[in-house]
Amino acid sequence: MNKEETRVDANLVLFKKDGSRKSFPLPSNITVVGRRHDCDLCIPLMVVSRRHCQLSQNNEALKIRDLDSRSGTFLNGKRISEATVQAGDYITIGPLTFLLQIGGEPKKIAPPQPPKPTPSPKKPPESKAPANDLSGSFPELELDDSDSFIAELEDI
C-alpha cells in the first residue's frame, strides 16, 4: 500500500440501551450507512433512510456527509449536511448513537452525556388562576362566548 492508499483504522461504536456496545469497523475509504441491505453498514429501521449518510476518509481527514436523509445526520448533537469528524465524536443516525474511534482513540469509550438544561431567564411568578378559570388551559385556543364546549367540560 502506498501513501495515497493509507487508511486509518476507524470504528463506529454503537451504544445499546442495556449499556453494552458493539463495534463496527469502517470497511473501506467510503462507507455508506443506511437501511438498504447493500449499504456498508445496514441499519434496518424505517427512520433510517435507504442511503442515510456516508463516511469518507483520505490521508488528511475523515468526513461525514448526510445523503439527503429524512431524519438527518447528527454530529455531537447538531444536525449536519457535511462535516469533518474526529476521534471521540458522536454520530447519531435515527435512534442510534455511535462513537467514532480512530486508531484506538479514544481509549475510554463512554455513551454521550445528555445535554445539560440551560437555565432560563428568571421570570416574575405568575399569579395562579382560579381552578374554574380555563383561560390558561389551552393557550392556543382563544376562548369567547361561542365556545359552547366549555360548559360540557364543566359537567364532566
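Which residue in E8 does Leu75 stand opposite? Leu75 faces Lys78 across the pairing of the two strands, in which E7 (residues 73–75) runs antiparallel to E8 over 3 bridges. Here helices (H or I, at least four residues) and strands (E, at least two) are DSSP runs numbered from the N terminus, and two strands pair if DSSP finds at least two bridges between them.

The model is predicted, so that local features need pLDDT of at least 70 and side-chain atom pairs count only at pLDDT 80 or more, whereas totals for chains, interfaces and linings use all residues. Residues are numbered from 1 along each chain as its sequence is written, and side-chain values use heavy atoms, with hydrogens and water left out.

E7 and E8 belong to an open sheet of 6 strands, which follow the order E2-E1-E11-E10-E7-E8 with antiparallel pairing. The edges of this sheet are formed by strand E2 (21–25) and strand E8 (78–80), each of which pairs on one side only. From one strand to the next the twist averages 35 degrees, where axes are lines fitted to C-alpha atoms (for helices over the stretch in contact) and angles run from 0 to 180 degrees between N-to-C directions. In general, strands of a sheet pair through backbone hydrogen bonds, either parallel or antiparallel.

Strand E6 (residues 62–66) takes part in further antiparallel pairings. With strand E5 (residues 53–57) it shares 5 bridges, and the two strands form a hairpin with 4 residues between them; within this pair, Asp66 of E6 is the bridge partner of Cys53. E6 is also joined to strand E9 (residues 82–85) by 4 bridges, again in the antiparallel sense, with Arg65 opposite Glu82 in E9. In E6, Leu62, Ile64 and Asp66 make up a covered face, while Lys63 and Arg65 make up an uncovered one. In a regular strand the side chains alternate between the two faces of the sheet.

Cys53, the bridge partner of Asp66, is buried at 0% relative accessibility, the classes being buried under 20% relative accessible area, exposed over 50% and partly exposed in between (1.4 Å probe, protein chains only). Cys39 likewise counts as buried, at 10% relative accessibility. The count of disulfides (pairs of cysteine sulfur atoms within 2.5 Å) comes to 0. For Cys39, the closest cysteine sulfur is that of Cys42, and no bond is assigned because the separation of 6.4 Å is too far. Cys53 is in no disulfide either, the nearest cysteine sulfur being that of Cys39, 9.2 Å away.

Several loop residues show notable backbone angles. Asp68, in the loop between E6 and E7, has a positive phi near 55 degrees although it is a residue other than glycine, and this residue is exposed, with a relative accessible area of 76%. Asn76, in the loop between E7 and E8, has a positive phi of about 50 degrees and is not a glycine; Asn76 is partly exposed, at 41%.

A cis peptide bond, with omega about -5 degrees, joins Glu105 and Pro106. Glu105 is located in the loop between strand E11 (96–102) and helix H1 (149–155), as is Pro106. Glu105 is partly exposed, with a relative accessible area of 37%, and is in contact (heavy atoms within 4.5 Å) with Ala87 and Leu100, not counting residues up to four places away in sequence. Although Glu105 and Asn11 are 94 residues apart in sequence, their C-alpha atoms are 9.8 Å apart in space.
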